[in-house]
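The following paragraphs lead through a structural model, from the overall fold of a chain to individual residues. Please keep the sequence and the coordinates at hand while reading.

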Number of protein chains: 2
Amino acid sequence: MKRIITISREFGSGGREIGVEVGKRLNIPVYDKYIIEQVAENSGFGEEFVDSVLRHSGSHGFASSRRKNKINGVNVDDLLYNEESRIIEEYAEKESCVFVGRCADYILKDRDDVISIFIYADTDERMKRIDEVHPDKSKSAIKRIQEKDNKRAFNYQYYTGRKWRDPTNYDLMINSSSLGFDATVDYIVELFKKA
Amino acid sequence: MKRIITISREFGSGGREIGVEVGKRLNIPVYDKYIIEQVAENSGFGEEFVDSVLRHSGSHGFASSRRKNKINGVNVDDLLYNEESRIIEEYAEKESCVFVGRCADYILKDRDDVISIFIYADTDERMKRIDEVHPDKSKSAIKRIQEKDNKRAFNYQYYTGRKWRDPTNYDLMINSSSLGFDATVDYIVELFKKA
């Protein structure tokens, strides 16, 4: 049976890697950055620009982008988000797959074949993880966590009008540091098979 | 292996029944109202009074109780909550069991044998459920949900300083209307066995 899994995740929770592993185990596509490539290709904008607009980061950043990004009266935020939504809906329609991030839980909220999951973790574990994997040590792990979480929360609310960490938006919220990476993957795979 | 399960739950989510069923399946005690009976017995206060103080409901209600409930300078809230905490810790120390509500996730937060779970559900499903089971129809289901949720959130924050629906407090948050009652019970039972 066809099922769509959406994964939203805290920075450093391992949510992305969990999504990728779930996709591998189920042999279904995992969409993440690929969506950005598609939006860039279809819109003609550069990948980096598309990414920074859709995440409200970089020089287009955080809260001011709606005002800034107008080209001939067209709101570029809306334009890119609408194209992103269209692409996500198209992939969801086609076959079973996993979406990581990109407000996919919201974009696909009216479908009844979606399992929406939020992955979080204890701050200590997230810090440890970020220290392990992040090459740039100029910023502390806790600072990165705060900045990323704030951006994701802002971004999610900006596009969806919902609160990012609110259970209402999800079928399941898993603390990956309590359950562990493997058990979390196992559980999502089982859920997919049973649903 | 000994494991403690704590279940916090939204009103109408079926969280209590899920806790009871998990206890049955694992053949371990489920503590809920029984804690109140023990606090009443140990403190000498009546059960109804203990319950209303600890839930900030009834005439002792909501936000004003800290000021009201003083007897000879002793804060009755604190006294009863401390006794409740002591009892919960005592039971948790003894054997595997399930606690439903009572801020048990917070009271037992420093133990490493605890699986803390939050059960929630879609508002539509909660309303349907309440309409089915609640004998008194003088108040609408949505009104009951709002009142109960507000009280539980207030109460939880009053005693723990934490936000009730914040993922940080839990190992797992399950939407029982997405997963269904049986799958939710199954999953918690599996988690207990694997942990």
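In chain A, residues 24 or more positions apart account for 70% of the contacts with a separation of 6 or more, where contact means heavy atoms within 4.5 Å. This is a predicted model, in which local features need pLDDT of at least 70 and side-chain atom pairs count only at pLDDT 80 or more, while totals for chains, interfaces and linings use all residues. Residues are numbered from 1 along each chain as its sequence is written, chains are lettered from A and ligands numbered from 1 in the order in which they are written, and side-chain values use heavy atoms, with hydrogens and water left out.

Chain A holds 10 helices and seven strands; these are DSSP runs numbered from the N terminus, with helices being H or I of at least four residues and strands E of at least two. Along the principal axes, the C-alpha atoms of chain A fill a box of roughly 50 × 45 × 30 Å. The radius of gyration of chain A is 17 Å, which agrees with the value near 16 Å for a compact globule of 195 residues. That radius is taken over C-alpha atoms, and the globule rule is 2.2 Å times the number of residues to the power 0.38.

Of the 195 residues of chain A, 51% count as buried. Buried means under 20% relative accessible area, exposed means over 50%, and partly exposed lies in between, with a 1.4 Å probe and protein chains only. The accessible surface of chain A comes to about 9,400 Å², and carbon and sulfur atoms contribute 47% of it; the areas come from the Shrake-Rupley method with a 1.4 Å probe, and for residues only the protein chains shown count as cover. Chain A carries 32 positive and 34 negative side chains, and the centres of the two sets lie 4 Å apart. Lys and Arg count as positive and Asp and Glu as negative, whereas His and the chain ends are not counted; each charge is placed at NZ of Lys, CZ of Arg, CG of Asp or CD of Glu.

In soluble globular proteins, nonpolar side chains tend to be buried together. A nonpolar core is here a set of buried Ala, Val, Leu, Ile, Met, Phe, Trp, Tyr and Cys residues joined through side-chain atoms within 4.5 Å. The largest such core has 60 residues, of which I35(A), F99(A), L108(A), I35(B), F99(B) and L108(B) touch the most other members. A second, separate core of 40 residues includes V22(A), L172(A), V22(B) and I28(B). Not counting residues up to four places away in sequence, L108(A) touches I4(A), T6(A), I88(A), E89(A), A92(A), F99(A) and V114(A).

F99(A) is also among the residues touched by Y31(A), together with Y91(A), E95(A), C97(A), V98(A) and V100(A), again not counting residues up to four places away in sequence. Y31(A) belongs to strand β2 (residues 30-31) of chain A, and Y31(A) counts as buried because its relative accessible area is 8%. The C-alpha atoms of Y31(A) and C103(A) are separated by 12 Å, with their positions 72 residues apart along the chain.

Which backbone feature marks C103(A)? Its phi is near 55°, a positive value in a residue other than glycine. R102(A) likewise has a positive phi, of about 65°, although R102(A) is not a glycine. R102(A) lies in the loop between β5 (97-100) and α6 (104-107) of chain A, and C103(A) is placed in the loop between β5 and α6. R102(A) is buried because its relative accessibility is 14%, and C103(A) is buried because its relative accessibility is 11%.R16(A) lies in helix α1 (residues 15-26) of chain A and is partly exposed, with a relative accessible area of 29%. Leaving aside neighbours within four places in sequence, R16(A) is in contact with R9(A), D32(A), K33(A) and V100(A). The C-alpha atoms of R16(A) and D32(A), 16 residues apart along the chain, are separated by 8.5 Å. In chain B, D32(B) lies in the loop between β2 (30-31) and α2 (33-43). D32(B) is buried, at a relative accessible area of 12%, and is in contact with R16(B), V100(B) and R102(B), leaving aside its neighbours within four places in sequence.
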